[in-house]
Amino acid sequence: MTSFDSIAARLDEQAIELPSWAFGNSGTRFKVFTQPGGPRDPFEKIADAAQVHKHTGLSPSVALHIPWDKVDDYTALSDHAQGLGVALGTINSNTFQDDDYKLGSLTHSDPAIRQKAIDHHFECIDVMDKTGSRDLKIWLADGTNYPGQDDMRGRQDRLADSLQQIYARIGDDQRLVLEYKIFEPAFYHMDVPDWGTSLVQCLALGDRASVCLDTGHHAPSTNIEFIVMQLLRLGKLGSFDFNSRFYADDDLIVGSADPFQLFRIIFEVIRGGGYGADGDTAFMLDQCHNIEDKIPGQIRSVLNVQEMTARALLVDREALDAAQRSGDVLAANSLMMDAFYTDVRGPLAEYRESRGLPGDPMAAYLASGYGQQIAEDRVGGVQASWGA
Ligand code: PSV
Ligand code: MN
C-alpha cells in the first residue's frame with residue numbers, strides 16, 4: 001500500500017466548503033429545534049463556520065443562501081469573513097419559499113412568475129460579483145405531484161430557456177452548477193430529477209455550466225461513484241453536496257451512514273482528476289444538524305471527508321492497475337479493501353500537528369470555550385433558521 005508520508009502533500013490540497021445554513025436552526029417538518037448561542041445573522045453564521053476552519057484547516061470558505069443570508073453590505077460581510085480566516089463561496093439561489101412558486105419557478109407556465117424566478121437569479125449573480133464568488137448553485141423544487149398536472153415537456157423547455165437567460169449573465173470566471181434531486185418536494189416528477197437531466201441542460205448552456213451532485217439525492221442502492229466517474233470523464237462534475245442518508249434526503253453527517261460509500265466516491269474523484277489541484281470539482285457540505293451541536297457536527301463532517309480522502313489516497317493505484325489488467329479480481333478488490341480498512345486516525349493527528357493544527361480538532365474546539373461563549377453573548381434577537 002502507498003505510505004502515509006507520500007500522501008501528506010496531497011492532503012494539503014483538501015478544501016471543503018461549509019453551508020451557512022448548517023449553523024442556523026433546523027429540523028424536520030415536525031419540529032425545528034433551537035440551540036443556545038445559535039447565530040442570529042449571516043455575520044454570526046460565518047463566525048461559527050470560521051471555528052471549523054480554525055481547528056481543522058479544512059474549510060476555508062462558506063456558501064451563502066439568498067435570501068437567507070441577504071445583507072445590506074456584502075463587502076462588509078466579505079471583510080468580516082476574511083478577518084476570521086475564511087472566504088465567501090458558492091451562492092445558492094432559493095425559489096422554493098414563496099407562494100408564487102407553488103407550481104414551479106424557472107419552469108412555471110406563467111411568464112410573470114418565471115421572470116420573477118429568473119430575476120432572483122440575476123440578483124444572486126449581483127451578490128456573487130460583490131462577494132467574489134465563483135459558483136451560482138441552482139437547486140429547484142420544481143415538479144408536479146400528479147400525472148397530467150402539467151406538461152413535463154413544456155416545463156423542460158421553459159427550464160432550458162430560463163437557464164439560458166441566467167447563464168448569459170454569469171461572468172467569464174463564474175460557473176453555474178445545477179443540482180438534481182430524485183424527489184421532494186414534488187412527488188410525481190421533479191423537473192431536474194437526475195444527473196442525466198442536469199447534464200443535458202448544462203451541455204446546452206456551455207462550458208461554465210456543470211452538475212452538482214448531492215449524495216442524498218438518489219434512489220437507494222444507486223451506484224453514486226459510477227455517476228462521479230461518468231461526470232468527471234465528461235468534465236461536468238462541478239461540485240458535491242456531501243451528506244449522509246439512510247432513507248431519503250436525510251442531510252446527516254457525511255460518512256456517518258455509509259463510510260465505505262464515501263470512500264468509493266472519493267476514490268473515483270481522485271481517479272477521475274477531480275481532487276484538489278488536479279481539477280475544479282468543489283467539495284461542499286449540505287447538511288442540517290437538527291439534534292447535535294452544529295459546530296462540532298461540521299467539525300466531525302470535514303474530518304470524516306478528510307479521513308476517507310486519506311484512505312482513498314492510500315490505494316496503490318499502480319498495483320491496482322496491474323491487477324485489473326491481469327484480470328486478478330481478488331487482488332484488485334483486496335487493494336481497495338486494504339486501503340479502506342486502514343486506520344488513518346493516528347497518522348492524521350500527527351499530520352495536523354505538523355501543520356500547526358490541533359491533532360484532535362474536536363477536543364480543541366470543545367476546550368476552547370467558544371460554544372459557552374456564544375451561548376452567553378448571543379442574547380436577544382431572533383436566531384437564524386430556514387427562511388431567516
Ligand atoms: C433541498 O433538498 C436542499 O437540501 C438542496 O440539496 C440544496 O442544495 C439545499 O437544499 C440548499 O438549497
Ligand atoms: Mn444539496
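**Exercise 1. Classify Phe-96 by its relative accessibility, and describe its aromatic contact with Trp-68 in this predicted model.**

Solution. Step 1: the relative accessibility of Phe-96 is 29%. Because partly exposed covers the range between 20% and 50%, Phe-96 counts as partly exposed.

Step 2: a search of the whole structure yields 13 aromatic pairs. In one of them, the ring centres of Trp-68 and Phe-96 are 6.2 Å apart and the planes meet at 85°, so this pair is edge-to-face.

Step 3: the two residues are 28 positions apart and the pair links distant parts of the chain. Trp-68 sits in the loop between strand S4 (61-65) and helix H3 (74-83), and Phe-96 in the loop between strand S5 (87-92) and helix H4 (111-131).

Step 4: Trp-68, at 10% relative accessibility, counts as buried. Trp-68 and Phe-96 also belong to one aromatic cluster with Trp-21 and Trp-139.

**Exercise 2. Determine the geometry of the aromatic pair Phe-240 and Phe-283, and state which strands hold the two residues.**

Solution. Step 1: the centre-to-centre distance is 5.6 Å and the planes form an angle of 80°. Since planes over 60 degrees apart count as edge-to-face, the pair is assigned to that class.

Step 2: strand S11 carries Phe-240 and strand S12 carries Phe-283, so the pair ties together parts 43 residues apart in sequence.

Step 3: Phe-240 is buried at 0% relative accessible area, and Phe-283 is buried at 6%.

**Exercise 3. Identify the protein donors of the manganese ion (ligand 2) and assign the arrangement of its donor atoms.**

Solution. Step 1: Glu-179 (OE), Asp-214 (OD), Asp-241 (OD) and Asp-286 (OD) are the protein donors, at 2.1 to 2.2 Å from the ion. Their sequence spacing reads E-x34-D-x26-D-x44-D.

Step 2: Asp-241 in strand S11 (residues 237-242) and Asp-286 in the loop between strand S12 (282-285) and helix H9 (294-314) are 45 residues apart and link distant parts of the chain. Asp-241 is buried, at 0% relative accessible area, and Asp-286 is buried at 11%.

Step 3: the angles subtended by the 6 donor atoms run from 73 to 165°, which makes the arrangement octahedral. For comparison, six ideal octahedral donors give angles of 90 or 180 degrees.

**Exercise 4. Locate Phe-183 and name the surface patch that contains this residue.**

Solution. Step 1: Phe-183 lies in the loop between strand S8 (175-179) and strand S9 (189-190). Its relative accessible area of 34% makes Phe-183 partly exposed.

Step 2: together with Ile-182 and Phe-187, Phe-183 forms a nonpolar surface patch whose combined accessible area is about 280 Å².

Note on methods
Residues are numbered from 1 along each chain as its sequence is written. Chains are lettered from A and ligands numbered from 1 in the order in which they are written. This is a predicted model: local features need pLDDT of at least 70, side-chain atom pairs count only at pLDDT 80 or more; totals for chains, interfaces and linings use all residues. Side-chain values use heavy atoms; hydrogens and water are left out. Patches are made of residues with over 30% relative accessible area and no salt bridge: like charges are joined within 9 Å, nonpolar side chains (Val, Leu, Ile, Met, Phe, Trp, Tyr) within 5 Å. Accessible areas come from the Shrake-Rupley method with a 1.4 Å probe; for residues, only the protein chains shown count as cover. A salt bridge is a side-chain nitrogen of Lys or Arg within 4 Å of a carboxyl oxygen of Asp or Glu. Helices (H or I, at least four residues) and strands (E, at least two) are DSSP runs, numbered from the N terminus. Buried means under 20% relative accessible area, exposed over 50%, partly exposed in between (1.4 Å probe, protein chains only). Donors are N, O and S atoms within 2.8 Å of the metal (3.2 Å for Na, K and Ca); water is not among the atoms, so sites may look incomplete. Four donors count as tetrahedral if all angles lie between 85 and 135 degrees; four count as square planar and six as octahedral if opposite donors are over 155 degrees apart and all others between 65 and 115; anything else is irregular. Rings of Phe, Tyr and Trp (its six-membered ring) pair if their centres lie within 6.5 Å; planes under 30 degrees apart count as stacked, over 60 as edge-to-face and the rest as tilted.
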